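Subject: Structure for you to look at

Hello,

Here is the structure I said I would pass on. Please look it over when you have time; my notes are underneath.

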Amino acid sequence: MEPIVLKLVGKERVCVISVALEDGSPHSAVVHYSHQAEPLKIFIQTYPTIKVQAVSAKGGSAKASVVIGFSEEEFVTLQMRGGVRIVSDQDYLERIYRIHYAKHPDAEKYKGPETVFFEFTPTWYKYSDFKGDPEKIIEGKLAPIEN
C-alpha cells in the first residue's frame, strides 16, 4: 500500500464502519480504531451492539466498508471496502490489545467480558486529497479475504 495512505491511517484516530443488517439495510458507526500496516488491518473495539449482532448473524464475518478522514481543512479521505470479522483467538487478541491500547490508552478501561474486537481487512481502497494541486487520487486492490 502507498506510504501516503498508511500515513493517513496512522495519523487519524476515528473512522466510520458500515455493515449490512440482517434485513439488508446499512448500519454505520463512528468508532476509534488502531491498525497494523502490512498487511493493512483495522482493529475496532466495541461491545455487543447492532453492528456486532449483524456480523454475528453472518457467522462472525461479513462484508464492510470503512472511511477515514473527516477534516474539511485537510480534505483528505480514505474509503475502503473489504471484510470484517470478530476476533476470538486469545493470542491474537493479546497482540491487538497492545496495538490498540498504545494508540488509545483510555480505551483500556472499557475492556471487559463484553468487549468485542473487529478486524477489518480491506480488499479495495481509494485515497483522495482534494487540497493538493493537482488533486491526488490513488485507487488500489488488495489481496482477497480468505474465509
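The notes below go from the overall fold to the strand pairs and then to one loop residue.

Please keep in mind that this is a predicted model.

Overall fold

The protein contains 3 helices and 8 strands. Read from the N terminus, the order of elements is α-β-β-β-β-α-β-β-α-β-β. The radius of gyration is 15 Å, close to the 15 Å given by the globule rule for 147 residues, so the protein is as compact as a globular protein of that length. Along the principal axes, the C-alpha atoms fill a box of roughly 50 × 35 × 25 Å.

Of the 147 residues, 45% count as buried. If contacts are restricted to residues at least 6 apart in sequence, 63% of them join residues at least 24 apart.

Surface and charge

The accessible surface of the protein is about 8400 Å², and carbon and sulfur atoms account for 52% of that area. There are 18 positive and 20 negative side chains. The centres of these two sets lie 1 Å apart.

Strand pairing

I looked at three pairings among strands E5 to E8, taken here in sequence order.

- E5 (residues 61-68) and E6 (residues 76-86) run antiparallel and are joined by 8 bridges. Within this pair, Val 67 stands opposite Gln 79 of E6.
- E6 also pairs with E7, again in the antiparallel sense, over 11 bridges. Here Val 84 has Phe 120 in E7 as its bridge partner.
- E7 (residues 116-129) and E8 (residues 136-141) are antiparallel too, with 6 bridges between them. Tyr 125 faces Gly 140 in E8 as its opposite residue. The connection from E7 to E8 is a hairpin through 6 residues.

When you go through these strands, remember that in a regular strand the side chains alternate between the two faces of the sheet.

A loop residue

Which loop holds Gly 112? Gly 112 sits between helix H3 (90-103) and E7. Its relative accessible area is 31%, and Gly 112 is therefore classed as partly exposed, the class between under 20% for buried and over 50% for exposed. Gly 112 and Ile 17 are 95 residues apart in sequence, and their C-alpha atoms are 22 Å apart in space.

Best regards

Methods. Residues numbered from 1 in each chain as written. Predicted model: local features only at pLDDT ≥ 70, side-chain atom pairs only at ≥ 80, totals over all residues. Heavy atoms only, no water. Helix = DSSP H or I, 4+ residues; strand = E, 2+ residues; numbered from the N terminus. Rg over C-alpha atoms; globule rule 2.2 N^0.38 Å. Buried < 20%, exposed > 50% of the residue type's maximum accessible area, 1.4 Å probe, protein only. Contact = heavy atoms within 4.5 Å. Areas by Shrake-Rupley, 256 points an atom, 1.4 Å probe, with all protein chains shown as cover. Lys, Arg positive; Asp, Glu negative; His and termini not counted. Charge placed at Lys NZ, Arg CZ, Asp CG, Glu CD. Pairing = 2+ DSSP bridges.
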